[in-house]
Amino acid sequence: MPLSLNYLFRRLFWSIAVLAGVTLLSYLILVLSPGDPAAKWAGNPRGPGAAKAVELARKELGLDLPLHLQLLNFLRMVFTGDLGLSIAYKQPVYSILWRNLAATLELLFMAYIIGIPLGSLLGIFSALKRGGHLDGVLQTSGLALANTPAFWLGMAIFATLVPYGFTAYGRISTNLAIATNFQIFTGLYLLDALLQLNAPIFFDVLARLLPPALAVAAYPTGVCLRIVRTLMADALLEEHVRVAVAWGVKRRTVVWRYAFRATLPGLVQVSGLAFAYSLVDAMVVEYVFGREGLGRLLFDAISVSDFRLAIGLLIVVATFYLIINTVADVAQALIDPRVKL
Amino acid sequence: MRRGLTLGVAAALAILVVTTYFLFYLPTLERPKLKTIVYAYCDKITGIDPSIEDDTGIVILGSVYETLLRYNPLTGSITPVLAEGWERSKDGTVWEFRLRRNVVFHDGTPFNATAVKLSIERARDVYRQTGRGCGYIWDAVEEVEIVDEYTVRLKLSYPQRMDLMAAASYSAYIFSPSTLAEAGVENPLDPDLELWFNQGNDAGTGPYFIEFYSPESEVRLRKFEKWWGWSVLNNPEAPDVVVIKIRTDPLDQYNGLLANEIDIASSVPRVNIGDIVARGYKIVNLTTFHNYVLLFNTRRHPTHIREFRLAILYSIPWSEVVRTALKGFGRLGSGIIPYGFPGHVDELTYEYNPELARKLLLESGVEPGVTIEFVYQSDYEENEAFAQLLKSRVAELGVNVELKPMAWTAVKDAGKEVWSNPERAPHLIISDWWPTMPSPYDYLYSLLHSESTEWNWAGYANTEFDKLVDEAYQLEGSNYARALELYSRAQKIVYEEGVAVNLWDEVRPFVLSRRVEMPEEALNPLYMYVIRFEYIRVKE
């Protein structure tokens, strides 16, 4: 068994510490920066009672307490799973988060479905052609893809499509959604369309999802291409691979079963790290394509001093990082018997 | 081999069946054809409690709820909505409203005097207890008496224009008493009722009801077939579904128009208006009561000196402001109150007079080379353009202006600081305002009264001004003409002291797609950003 209880406890401890750290730091930055959350909570009141309303709101939010008590109260809210109501929207923070998280995840998953296999295949191909012109072209492309800002790429894709009458604006065609009585169950529109066997919506959502997903996929594609190429090139020179070739094992078997398998632990680890980076990319790209999601939500929450929503969102993002990295660690341990956790 | 072939054929068949179902069968299913429009609104929705909301929620409230009366700024008249008629006592302290019959709320319950009593009292009492909302419009109301099912009598503690208050854009909406049971509360002031509303529930009588509510991204309204007004309007082309998309970035709205995803855009970059017209979109310009007021910090050197303030004001090339800063989408302000709004005064404007400005600067005793700070909201392109214009012209006087564009929340923080720490508050600041009720008091009290420490960012405290504004408000119910005269005098004081000036009244271009027609009745500057969708005609 590659997993130990010790590992799990350590991981849990550090995860809680990271979440507490994110909470405290975000709280300090957001509450101490300009903007009065109490005024927003009170609805930016007008008239003769405005000052009174803001003072009452300050008490309701606990902002009149000493800073250490505010921090303790907020930590308690975070770890009891109740962040209360959003200051700007007066709705439970978690329900707002879920609506927008689903949008971002859908984009991110699609980018990964494109990016990881594509990057891996190109990496394998590049490794098999190592030293040749094609290898050089692919390696340079990988470098370019991994380093092109997703924001810029998103704008370029959007602008390129517009003259051809194809726009990937928003997540769904409003008219079509209403005409086909599309219902939202999970917030993942592709899945919801499948559940309702709603083909027009499925293809509409897919068509709007692909262009931004391509922009987000650039980074994982580039990174995977380069990492697989490097690991694969090494693996192809390994003794066991050369013996397999010498014994006349089929080329496909040698490539996939012996050489590519050796790249998997590294690929899984890098994919985990790239996921974190791509999450940020997705948050930016969705803005370019007029899609709702965590990026837009975070920007808006900060601009209106909605510290509850902003911190809730940062906690969700941090939790994703922790989960993905843990999954990557565990997957690596399961794939590679040399790794013990 | 045979097994593989069988599996392959089975998979191909399955794909064929699914594709046929998706592509050919489903689209043939009969679906009702709905007229849908998408309105891109430029801000997040901050709440939809009809008694408490005092900000951007008006965009929803204006279509879902109705007031007793409505104000028509073009004629200055009041028109009936949920009240068919009204009378007042001679001294203006008793008002009686006769209510419209056969009106139902969205939940099917009947509209009557009980609903009016509950709605007015809740707005008033929430305000009295917490200061939240705009319930101060009902401040004078001592008692709401139900005379019969369709008549209410308001008894006031002092004379007040209840016809104007009943037409206010906030806290004057009537909601169904059934909401209490729906929300599981007994007391209308229970915070759970506000939570219930803000979850996306509604209980109005308006032409549309809320079908989906996600205040950060989208709100969907559906036509209320039982609305009493459909038979009056006779507009069969009114939209069945209205989708209000929250699109805060003007460029985002522009992209949405190009993508045919938006039918009405409320905020497109001014520089793109020409392009959008060339592409066949229509523009409807609304001269609004949303104005931008320049305030001087009266508690900090050198803007506490009257002559210095006037020197700045006379050095601004006012005729260039609308053309340069607003690209034509604005009307130069006068006094504090916007054009067309009760209490507006013409000719309280300054002229560009560099010689006079230099003379006044000399009289102020402030040496050239002094630096003043100017704070304004960074995401309004007009503010930035005006600030640059002011900076360049004031530099000719020998006064340096340090521009400090900020996010709105930071602007408000900086403005309020004039009361707690005037030396840290900026010398100049731009505030923007839109009205709650059709009364000059709304602007003058909020922006310049010494008790209004939340919004009086000039730190202005002038007992004569305060007295005039307070007295005028008290007189509105008994001697409206005299009240307007006092408001005018109050503005004259501000003008002579150069404390604040209305820079411009915003002209907002609404951009319409080809399939939408918007008659002028659909817009009313008192109800800012509210589009009365029942008037919209959708061409399919």
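**Exercise 1. A helix pair in chain B**

Which residues in H11(B) meet which residues in H13(B)? Work out also how the two helices are placed relative to each other in this predicted model.

*Solution.* Start from the contacts: on the side of H11(B) they involve B:Glu320, B:Val321, B:Thr324 and B:Ala325, and on the side of H13(B) they involve B:Glu382, B:Ala385, B:Phe386 and B:Leu389. Sorting this contact by residue class then gives 5 nonpolar, 1 polar and 2 charged residues.

Next comes the geometry. Two packed helices are described by the angle between their axes and the distance between the axes. Here the axes of helix H11 (residues 318-325) of chain B and helix H13 (residues 381-395) of chain B come within 9 Å, and they cross at roughly 140°. H11(B) is therefore oblique to H13(B), since angles over 145 degrees would be needed for roughly antiparallel. The last step is the handedness, and the crossing in which H11(B) passes H13(B) is right-handed.

**Exercise 2. A four-stranded sheet and its helix**

Determine the strand order of the open sheet of 4 strands in chain B, its edges, and the helix that packs on it.

*Solution.* Reading across the sheet, the order is S4-S5-S7-S6 (chain B), and the pairing is antiparallel. The ends of that order are the edge strands, strand S4 (83-88) and strand S6 (141-148) of chain B, each of which pairs on one side only. From one strand to its neighbour the average turn is 20°, with direction ignored.

Now look at one pair in detail: S6(B) and strand S7 (residues 151-156) of chain B are joined in the antiparallel sense by 6 bridges, and B:Thr151 in S7(B) stands opposite B:Asp148. Finally, helix H3 (residues 113-130) of chain B packs on this sheet, where it touches strand S5 (94-99), S6 and S7 of chain B, and its direction makes about 170° with that of S6(B).

**Exercise 3. The partners of strand S12 in chain B**

Find how many bridges join S12(B) to S17(B) and how many join S12(B) to S16(B).

*Solution.* Take the pairing with S17 first: strand S12 (residues 282-296) of chain B and strand S17 (residues 500-512) of chain B run antiparallel to each other and share 11 bridges. Within that pairing, B:Leu295 has B:Ala500 as its bridge partner in S17(B). Turning to strand S16 (residues 428-433) of chain B, 6 bridges link this strand to S12(B), again in an antiparallel arrangement, and B:Asn291 is matched there with B:Trp433.

**Exercise 4. Domains and the contact between chains**

Describe how each chain is divided into domains, and then characterise the contact between chain A and chain B.

*Solution.* In chain B, domain 1 covers 39-281 + 513-538 and domain 2 covers 290-507; their C-alpha centres are separated by 31 Å. The contact between these domains draws 20 residues from domain 1 of chain B and 17 residues from domain 2 of chain B, and on the domain 1 side these are 13 nonpolar, 3 polar and 4 charged residues.

In chain A, domain 1 spans 18-79 and domain 2 spans 100-293 + 318-335, with 40 Å between their C-alpha centres.

Between the chains, 43 residues of chain A are in contact with 49 residues of chain B. Several helices of chain A each supply at least two residues to this side, among them helix H5 (93-128) and helix H10 (199-236), while the largest share, 6 residues, comes from H3(A). By class, the side of chain A that touches chain B divides into 22 nonpolar, 14 polar and 7 charged residues.

Notes
Residues are numbered from 1 along each chain as its sequence is written. Chains are lettered from A and ligands numbered from 1 in the order in which they are written. This is a predicted model: local features need pLDDT of at least 70, side-chain atom pairs count only at pLDDT 80 or more; totals for chains, interfaces and linings use all residues. Domain bounds come from an automatic or database domain assignment. Two residues are in contact if their C-beta atoms, placed from the backbone, lie within 7 Å. Ala, Val, Leu, Ile, Met, Phe, Trp, Tyr, Cys and Pro count as nonpolar, Asp, Glu, Lys and Arg as charged, and the others, Gly among them, as polar. Axes are lines fitted to C-alpha atoms, for helices over the stretch in contact, and angles run from 0 to 180 degrees between N-to-C directions. Angles under 35 degrees count as roughly parallel, over 145 as roughly antiparallel, 65 to 115 as roughly perpendicular and the rest as oblique. A crossing is left-handed if the near helix is turned anticlockwise from the far one by less than a right angle, and right-handed if clockwise. Two strands pair if DSSP finds at least two bridges between them.
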